[in-house]
Amino acid sequence: MDIQGRTFLVTGGSSGLGRATVELLNAAAANVVIADVNIEGGQRLAAALGEKVRFVETDVTSETDVERAIANALDLGGSLQGVVQCAGIVIPQKVLGKDGSAHSLELFTKGIQVNLVGTFNVVRLAALAMAANSPSSEGERGVIINTASIAAFDGQIGQACYAASKAGVVGMTLPLARELARSGIRVMTIAPGVFETPMAADVSETVCEALAKLVLLPPRLGRAPEFASLAAHIFGNVMLNGEVIRLDGAVRMPPK
Ligand SMILES: NC(=O)c1ccc[n+]([C@@H]2O[C@H](COP(=O)([O-])OP(=O)(O)OC[C@H]3O[C@@H](n4cnc5c(N)ncnc54)[C@H](O)[C@@H]3O)[C@@H](O)[C@H]2O)c1
């Protein structure tokens, strides 16, 4: 699928990997709706990029919010061709805390709700809109890219919730692609390693340096435009479907 002139929804587009994706799509002359709970960052980015970019306050776990974001995409560009899902949260907590308490069930549920249920909520509603598109000569009506994490495969101590939520995103990639193929919709998942974003900035500098040393080549953290560039490649390469791509410089995370 050509990006130019098409319309995209980017969840979590106010910050980090999503923001870089919005910038790349905008530079390629696409229409973009930023769907995020971060109002300030989203509004500022949309204002800086101009009339082809619109911010819509959206909680990915809300049916009405996501319906409104998709309606805005249809209003902006006439139809919705692509989705990149970057909304996500980290819930770092051990099952057995130092203070003798067990992992908060409320927080575990929240992580699953945003990262997994939210991702599925956007998939189902975006697919409904895309299924109405006219197919390309290849039979393609739309492309959905979800974001997991390498934690889905090598989750560390304290990442039970985060790893489970991202493993859910990995697990639904193939069944979604298999079902939606008949509607002309490709579904792919990117599993990033550790990237320099505001999410990673929550981690201390010492931990970041230690993480960077684990990356084989290049020996550094990932940069958000590298994620955006892979998303753009996936949009353009019609053979990519139903697969999870690790984007991680060959890092394999140790237990802690
Ligand atoms: N940065 C990394 O190292 C890394 C590694 C692996 C996976 N990821 C994943 O990549 C995605 C993007 O992460 P990032 O590093 O850009 O983080 P980020 O914190 O910079 O951006 C995440 C965005 O998601 C938004 N968001 C959070 N909850 C939301 C909700 N309920 N509805 C809508 N928007 C919501 C936030 O407001 C924020 O703008 C996340 O899913 C994250 O788990 C990041």
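Helix 9, residues 224-236, comprises 13 residues and runs 19 Å from its first C-alpha to its last, close to the 18 Å expected at 1.5 Å a residue. Its buried residues are Ala224, Phe227, Ala228, Leu230, Ala231, Ala232, Ile234 and Phe235. The model in which this helix is seen is a predicted one. Another residue of the region, Glu226, takes part in a salt bridge with Arg220, with N and O 2.6 Å apart. Glu226 counts as partly exposed, at 31% relative accessibility. Its partner Arg220 is also partly exposed, with a relative accessible area of 22%.

A short way back along the chain is a cis peptide bond, which joins Leu217 and Pro218 with omega at about 0°. Pro218 belongs to the loop between helix 8 (205-214) and strand 8 (222-223).

The salt bridges may be considered next. The count comes to ten salt bridges. One of them is formed by the side chains of Arg54 and Asp75, at 2.9 Å from N to O. This pair links distant parts of the chain, since Arg54 is in strand 3 (residues 53-57) and Asp75 is in helix 3 (residues 63-77), 21 residues apart. How exposed are the two partners? Arg54 has a relative accessible area of 25% and is therefore partly exposed, whereas Asp75, with a relative accessible area of 56%, is exposed.

A salt bridge in a buried setting is found between Arg186 and Glu140. The closest N and O atoms of this pair are 2.6 Å apart. Here too distant parts of the chain are linked: Arg186 lies in strand 6 (residues 185-192), Glu140 lies in the loop between helix 4 (105-130) and strand 5 (142-147), and 46 residues separate them. Both Arg186 and Glu140 are buried. Elsewhere, salt bridges join into a network, which links Asp154, Arg246, Asp248 and Arg252.

The loop that holds Glu140 also contains Ser134, between helix 4 and strand 5. Is Ser134 buried or exposed? With a relative accessibility of 67%, Ser134 counts as exposed, because the threshold for that class is over 50%. Leaving aside neighbours within four places in sequence, Ser134 is in contact with Glu140 and Arg141. The C-alpha atom of Ser134 is separated by 9.7 Å from that of Ser79, a residue 55 places away along the chain.

Attention now turns to the ligand. Which residues come nearest to it? Of the 28 residues around the ligand, these are Ser15, Asp36, Tyr162, Phe195 and Thr197. Tyr162 places a polar side-chain atom 2.6 Å from an oxygen atom of the ligand. Phe195 approaches through its backbone, where an N or O atom lies 2.8 Å from an oxygen atom of the ligand. Val60 likewise uses a backbone N or O atom, which lies 3.0 Å from a nitrogen atom of the ligand. On its own the ligand has 820 Å² of accessible area, and the protein covers 91% of it. The elements that contribute two or more residues to the surrounding shell are helix 1 (16-27), helix 6 (160-180) and helix 7 (198-201).

Strand 2 (residues 31-36) includes Asn31. Asn31 counts as buried because its relative accessibility is 10%, and the class requires a value under 20%. Not counting residues up to four places away in sequence, Asn31 touches Gly5, Arg6, Thr7, Phe8, Lys52, Leu76 and Gly77.

Two residues call for comment on their backbone angles. Ala29, in the loop between helix 1 and strand 2, has a positive phi of about 65° although it is not a glycine. Ala29 is partly exposed, at a relative accessible area of 29%. Ala250 also shows a positive phi in a residue other than glycine, with a value near 65°. Ala250 is found in the segment after strand 9 (244-247), and its relative accessible area of 38% makes it partly exposed.

Note on methods: Residues are numbered from 1 along each chain as its sequence is written. This is a predicted model: local features need pLDDT of at least 70, side-chain atom pairs count only at pLDDT 80 or more; totals for chains, interfaces and linings use all residues. Side-chain values use heavy atoms; hydrogens and water are left out. A salt bridge is a side-chain nitrogen of Lys or Arg within 4 Å of a carboxyl oxygen of Asp or Glu. Helices (H or I, at least four residues) and strands (E, at least two) are DSSP runs, numbered from the N terminus. Buried means under 20% relative accessible area, exposed over 50%, partly exposed in between (1.4 Å probe, protein chains only). The expected span of a helix is 1.5 Å times one less than its number of residues. Contact means heavy atoms within 4.5 Å. A residue is near a molecule or strand if one of its heavy atoms lies within 4 Å of it. A polar contact is a pair of N or O atoms within 3.5 Å; within protein, one must be able to donate a hydrogen and the other to accept it, and residues adjacent in sequence count only if both atoms are side-chain atoms. Accessible areas come from the Shrake-Rupley method with a 1.4 Å probe; for residues, only the protein chains shown count as cover.
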